[in-house]
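Notebook open, pockets on the list for today. I want to know what lines them.

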Amino acid sequence: AAFKTKTMNTNPRHTGAIKHPRSPAKILWRTVRGMVPHKTPRGGAAMDRLKSFEGIPHPYDRKKRMVIPSCLKVLRLRPERRFCRLGDLSSEYGWKHGSLIERLEKQRKVKSEVFYKKKVAAKRAKSDALKAVKLSGDDQAILAKAGYA
């Protein structure tokens, strides 16, 4: 926690100006900023495009999530290596919203499960309806001509 005790050399009472992020999203953002040439227009544009959140907020909770296999811990770290999670690190250094994020994530997962079940049921109903449809020869010819048969 050395970053919490930084002071200003010329006037140690002016320590309020040194603000270090505590939230995991902001720590990640600052880490990436250290790897990007953020003072150039190209780097600034890249940083503008970067978004980091705690949990999964509304517009993204309905999107399909993907796993990048090359980034899995099981593949990247040897079993005897030590590691830490950013959320645990943040709570150790004073981030107070971990329990709130956990509660919101539980709610999101329940909603997401309901949404997924509804989506699967609708897909199944559509496929059943498509199987049940009987088309005449004329309609099939028209569909074949349009490229849908």
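I started with who supplies the wall of the largest pocket: helix 6 gives the most, with ten residues. The model is predicted, so I keep that in mind as I go through the entries.

Next I looked up the size of that space. The largest pocket comes out at a volume of about 500 Å³. I found 20 residues lining the largest pocket, and D61, R62, R65, R108 and S112 are the closest to its centre. Which elements give two or more residues to this lining? I got helix 3 (58-61) and helix 6 (98-132).

Then I sorted the lining of the largest pocket by class. I noted ten charged residues, six nonpolar and four polar.

On to the second largest pocket. I have about 240 Å³ of space down for this one. Its lining is made of 15 residues, and those closest to the centre are P24, E54, G87, W95 and I101. For the second largest pocket, the elements giving two or more lining residues are helix 1 (24-35), helix 5 (86-92) and helix 6.

Which element has the largest share of the lining of the second largest pocket? I wrote down helix 6, with four residues.

Last check, the classes again. In the second largest pocket I have six nonpolar, five polar and four charged lining residues.

My note to self on both pockets: helix 6 gives the most to the lining of the largest one, and the largest share in the second largest one also comes from helix 6.

Note on methods: Residues numbered from 1 in each chain as written. Predicted model: local features only at pLDDT ≥ 70, side-chain atom pairs only at ≥ 80, totals over all residues. Heavy atoms only, no water. 1 Å grid on protein atoms, 1.4 Å probe; cavity = no way out; pocket = protein on both sides within 12 Å on 5 of 7 lines; lining within 4 Å. Points joined across faces, edges and corners; volume = space filled by probe spheres on them. Nonpolar A, V, L, I, M, F, W, Y, C, P; charged D, E, K, R; others polar.
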